[in-house]
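Visitor: I'm new to this one, and I'd like a close look at a single part of it. Could you pick a helix and walk me through what surrounds it?

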Amino acid sequence: MTTANDVEKNYDVIVVGSGAGAMTAALFAADQGNSVLIVEKTDKYGGTSAISGGGIWIPNNDEFRALGGKDSYEAALTYIKAASQGSVDETRIRAYLDNAPKMLRELQANSRVKFAVADKYPDYYQHLEGSLPGGRSMDPELYDTTGLGDEMNNQQPAAGNALLMGKMSWTARQAHKAVSKERGWMLMIIGLMLRYKLDFKQRKKGRRDRRAGLGASLVASLRHSLCDRNIPLWRDTEFTDFVINNDKVTGIKVLRDGQELTLNARYGVIMGSGGFEQNQALREKYLPAPSQQSWSATPKGGNTGAALEAGQKLGAATDLLDWCWWTPTLNVPKERNARGLFAERAFPGAIVVDGAGQRFFNEAAPYLEFGDAMYRNHQKMGNSIPAWVVFDGHFRHEYAMGPLMPGKIMPDSRAPKAWLGSVYFKADSLAELAKLVNIDADGLAQTVQKMNHYAATGVDEDFDRGGNVFDRYYGDTKVKPNPCLAPLTKGPYYALKIHPGDIGTKGGLLTNEYAQVVRPSGEPIAGLYAIGNSSSSVMGTSYPGAGATIGPAMTFGYVAANHITANRGAEAND
């Protein structure tokens with residue numbers, strides 16, 4: 001066993017957490033001449049980033065401009081300010097817009113990380129001035145993990161819904177092509193399957209795809225870049241508190257191999273350890289009720305609010321503690337984490353209803369807004385937690401929903417028997433389905449009748465589903481006149497129970513434009529930085545576009561590293 005005397009305890013910079021933001025901070029800090037250590041609480045590196053889509057939202061990026069796209073700092077500022085509605089200080093927004101393109105430019109030039117423009121992925125709030133129909137979201141390229149060797153086994157495994165058929169890697173661009181059934185989508189799927197099946201050397205090793213995609217790609221390429229620099233990453237190392245000298249954070253205390261260690265950080269500590277969604281007590285203290293840890297789609301073991309609680313003991317300011325990155329989720333037997341419903345809600349022929357059988361929001365809306373709508377409707381009506389996704393036999397045959405692949409690939413007879421009655425419910429008629437899951441039968445019948453009419457006219461008169469380019473992004477291009485609307489007419493009928501889950505908490509330690517943690521007065525706490533979900537979101541209560549979680553985490557990791565290096569003479573802890 002390693003003893004306390006066997007490990008190096010003195011570093012220039014210590015990064016707590018190992019998600020994309022934390023790894024990015026470590027890379028830039030090391031490349032600027034600092035000695036760096038990363039500590040990770042769990043036995044797997046990568047955090048929530050590894051199971052995510054891996055996209056980053058970078059307004060005014062070089063790649064989109066190179067493709068002929070038109071964006072500007074001013075348009076992005078107008079858009080974020082309109083979306084966040086004054087819930088975040090403008091200086092932080094400007095810091096993000098100033099640094100995000102620079103971060104991406106330098107990261108791609110000096111590491112193994114590579115992104116491509118998701119030019120068809122729209123900003124989420126198309127009705128707001130400054131929004132774009134595509135070009136600000138960046139999609140990680142597939143990454144060959146061969147060079148990582150056995151270290152890849154230590155990465156947080158990709159979520160099942162991030163993989164084609166639960167095992168094959170793909171990019172977000174390929175996933176969009178498949179679900180929207182664009183020209184050539186079937187040939188693309190066959191090609192991905194053949195690439196996976198014919199990789200005989202990798203198949204002998206196991207099920208994991210040699211290539212990583214989405215968040216797994218981003219994390220693997222960052223980890224490989226850390227290995228290139230011999231930057232140590234200690235797993236199974238739990239942060240417990242800060243070390244303070246003369247009102248400065250000069251290090252951290254950790255538990256490692258059952259031993260308490262004090263680690264010294266000469267210039268700064270960067271907290272990138274995630275939010276508090278896996279801490280039920282903190283959920284009950286801060287989040288709307290009801291709130292359950294089991295509804296969160298983030299990995300178990302981490303994200304317990306250690307940064308928040310330690311920062312509060314120092315007198316740090318906090319913000320947005322009553323907000324999550326909401327998304328509706330469902331629980332699948334034998335899966336450790338809840339599954340988020342992201343794209344499926346937009347597929348034509350599925351609706352979401354409350355206990356009265358009534359729709360309460362646009363199913364194709366961004367997931368943060370949909371989760372928030374579940375809470376708002378529940379507070380008003382008391383019957384939308386849980387809510388129910390309802391669809392018919394035609395939808396079941398054609399489209400995926402949660403863990404259920406399309407019936408033409410995974411008929412009910414091939415779905416795990418444990419899923420029936422837990423993941424999904426099935427009945428021959430809408431009335432029987434309503435009785436089975438305790439939905440008001442008359443209300444459901446009326447809702448379906450209205451939706452069938454809307455499908456014929458192409459206009460959702462209640463919530464305008466499919467009325468903008470974001471809604472239609474995951475619609476079926478072959479369905480007319482509205483790619484997000486189809487009738488529910490063919491039995492059997494299905495229902496899935498969903499809760500207002502999350503992909504992380506949105507609130508945390510308040511930071512300034514340099515990612516420094518501040519006191520309520522605005523005064524920085526010397527030596528302490530926070531990024532990602534350890535900090536309150538620079539997007540305030542909004543979610544402007546795909547990647548508006550990881551993009552800021554990585555950008556403010558870059559900002560923190562730059563600020564530490566620029567001030568290391570003044571910040572040195574002698």
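Guide: Happy to. One term comes first: a residue is called buried when under 20% of its relative accessible area is left, and exposed when over 50% is. Also keep in mind that this is a predicted model.

Let's take helix α12, which covers residues 367-381. With 15 residues at 1.5 Å a residue, α12 should span 21 Å, and its end C-alpha atoms are indeed 21 Å apart, so the two figures agree. Just after α12 comes G382, which takes a positive phi of about 75°.

Now, which residues of α12 are buried? They are Y367, L368, E369, F370, G371, A373, M374, Y375, N377 and H378. In general, an α-helix has 3.6 residues a turn, so residues three or four places apart point the same way. As for what covers the buried residues of α12, the list includes four strands: β13 (324-330), β15 (350-353), β16 (387-391) and β18 (493-505).

Y367 is a good place to step outward from the helix. Ring pairs link Y367 into a cluster with Y124, W325, F342, F470 and Y543. W325 in that cluster has a charged visitor too: K506 lies over the face of W325, at 3.7 Å from the ring centre. There is another arrangement of that kind at Y494, where the charged end of R396 sits over the ring, 6.0 Å from its centre.

Rings turn up in pairs across the model, and the count comes to 24 aromatic pairs. One of them is W57 with Y79, a tilted pair at 6.0 Å centre to centre and 50° between the planes. W57 belongs to strand β3 (residues 56-57) and Y79 to helix α4 (residues 73-84), so this pair ties together parts that are 22 residues apart in sequence. Both W57 and Y79 are buried. Y473 and Y474 make an edge-to-face pair, 4.8 Å centre to centre with 75° between the planes. Y473 counts as buried because its relative accessibility is 5%, and Y474, with a relative accessible area of 17%, is buried as well.

To place all this in the chain, the UniProt record (an unreviewed entry) puts the feature "domain: FAD-dependent oxidoreductase 2 FAD-binding" at residues 12-549. That span is 30% helix and 19% strand, and its end C-alpha atoms lie 27 Å apart.

Definitions and conventions: Residues are numbered from 1 along each chain as its sequence is written. This is a predicted model: local features need pLDDT of at least 70, side-chain atom pairs count only at pLDDT 80 or more; totals for chains, interfaces and linings use all residues. Side-chain values use heavy atoms; hydrogens and water are left out. UniProt positions are given in the numbering used here, feature names are shortened, and annotations may be inferred rather than shown by experiment. Helices (H or I, at least four residues) and strands (E, at least two) are DSSP runs, numbered from the N terminus. The expected span of a helix is 1.5 Å times one less than its number of residues. Buried means under 20% relative accessible area, exposed over 50%, partly exposed in between (1.4 Å probe, protein chains only). Contact means heavy atoms within 4.5 Å. Rings of Phe, Tyr and Trp (its six-membered ring) pair if their centres lie within 6.5 Å; planes under 30 degrees apart count as stacked, over 60 as edge-to-face and the rest as tilted. A charge sits over a ring if NZ of Lys or CZ of Arg is within 6 Å of the ring centre and within 35 degrees of the ring normal.
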